[in-house]
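The exercises below are meant to be worked with the sequence and the coordinates side by side. Try each task before reading the solution that follows.

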Amino acid sequence: SFRGAQDEAAEQRARSELRTLATAIESYYIHNSNDLPANLTVLITATPRIISTVPDDPFRSGSNDYQYAEDTNGVYYAVWSFGRDRAADITGMDTNGTLAGTNDDDIFVTNGTGTF
């Protein structure tokens, strides 16, 4: 039961940090001529600087960032955590903003459809 409580806390942390990252991505988009960032670390070096550090996914050991993908047209993005099984089930997204991969336990935020 202790592991379950830890996972629940990590899930809440991931949801909060993903909302923050989504806000940072949207801010970057507004300040950079409607271009999405190439990766999450760009948010640290952007002018104006959007965030000071990219938080680590609580479901990955070591210092491992959340996953990020954008569609090939640069319109839609998704940022996600590996979730409780500690394996990435989301693999990217298509040009319609539809997530690719499987709908397992990954925790995600997207401006796309949010479906698989």
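**Exercise 1.** Where is the place of Leu-18, and which residues is Leu-18 in contact with once its neighbours within four places in sequence are left aside?

*Solution.* Keep in mind throughout that this is a predicted model. Begin with the secondary structure, where Leu-18 is found in helix 1, which spans residues 2-31. Next consider accessibility: Leu-18 counts as buried because its relative accessibility is 0%, and the cut-off for that term is under 20%. Then list the contacts, which, with the sequence neighbours set aside, are Tyr-66, Val-79, Trp-80, Ser-81, Ile-107, Phe-108 and Val-109. Finally, take a distance between backbones: 92 residues separate Leu-18 from Thr-110 along the chain, and their C-alpha atoms are 9.5 Å apart.

**Exercise 2.** In what order do the 3 strands of the open sheet stand, and which strands does helix 1 touch?

*Solution.* The strands of this open sheet follow the order 1-2-5, with antiparallel pairing. Strand 1 (67-70) and strand 5 are the edge strands, each of them pairing on one side only. Neighbouring strands are turned against each other by 15° on average, if direction is ignored. Between strand 2 (residues 77-81) and strand 5 there are 4 bridges in the antiparallel sense, and the partner of Trp-80 in strand 5 is Phe-108. Helix 1 packs on this sheet and touches strand 1, strand 2 and strand 5, while its direction makes about 155° with that of strand 2.

**Exercise 3.** How many residues lie between strand 3 and strand 4 in their hairpin?

*Solution.* Start from the pairing: strand 3 (residues 90-93) and strand 4 run in the antiparallel sense and are joined by 3 bridges, with Gly-92 standing opposite Ala-100. The hairpin leaves 5 residues between the two strands, and Gly-97, which lies in the turn, has a positive phi of about 85°.

**Exercise 4.** Asp-106 has no salt bridge: is this residue buried or exposed, and which backbone nitrogen lies 2.7 Å from a polar atom of its side chain?

*Solution.* First locate Asp-106 in the loop between strand 4 (99-101) and strand 5 (107-110). Asp-106 is buried, and the nearest side chain of opposite charge, that of Arg-60, is 10.0 Å away, whereas a salt bridge would need a separation within 4 Å. Turn then to the backbone, where the nitrogen of Asp-89 is the one at 2.7 Å from a polar atom of the Asp-106 side chain, and the nitrogen of Ile-90 lies 2.8 Å from such an atom. Beyond its sequence neighbours within four places, Asp-106 has contacts that include Trp-80, Phe-82 and Ala-88.

Technical notes:
Residues are numbered from 1 along each chain as its sequence is written. This is a predicted model: local features need pLDDT of at least 70, side-chain atom pairs count only at pLDDT 80 or more; totals for chains, interfaces and linings use all residues. Side-chain values use heavy atoms; hydrogens and water are left out. Buried means under 20% relative accessible area, exposed over 50%, partly exposed in between (1.4 Å probe, protein chains only). Lys and Arg count as positive and Asp and Glu as negative; His and the chain ends are not counted. A polar contact is a pair of N or O atoms within 3.5 Å; within protein, one must be able to donate a hydrogen and the other to accept it, and residues adjacent in sequence count only if both atoms are side-chain atoms. Contact means heavy atoms within 4.5 Å. Two strands pair if DSSP finds at least two bridges between them. Axes are lines fitted to C-alpha atoms, for helices over the stretch in contact, and angles run from 0 to 180 degrees between N-to-C directions.
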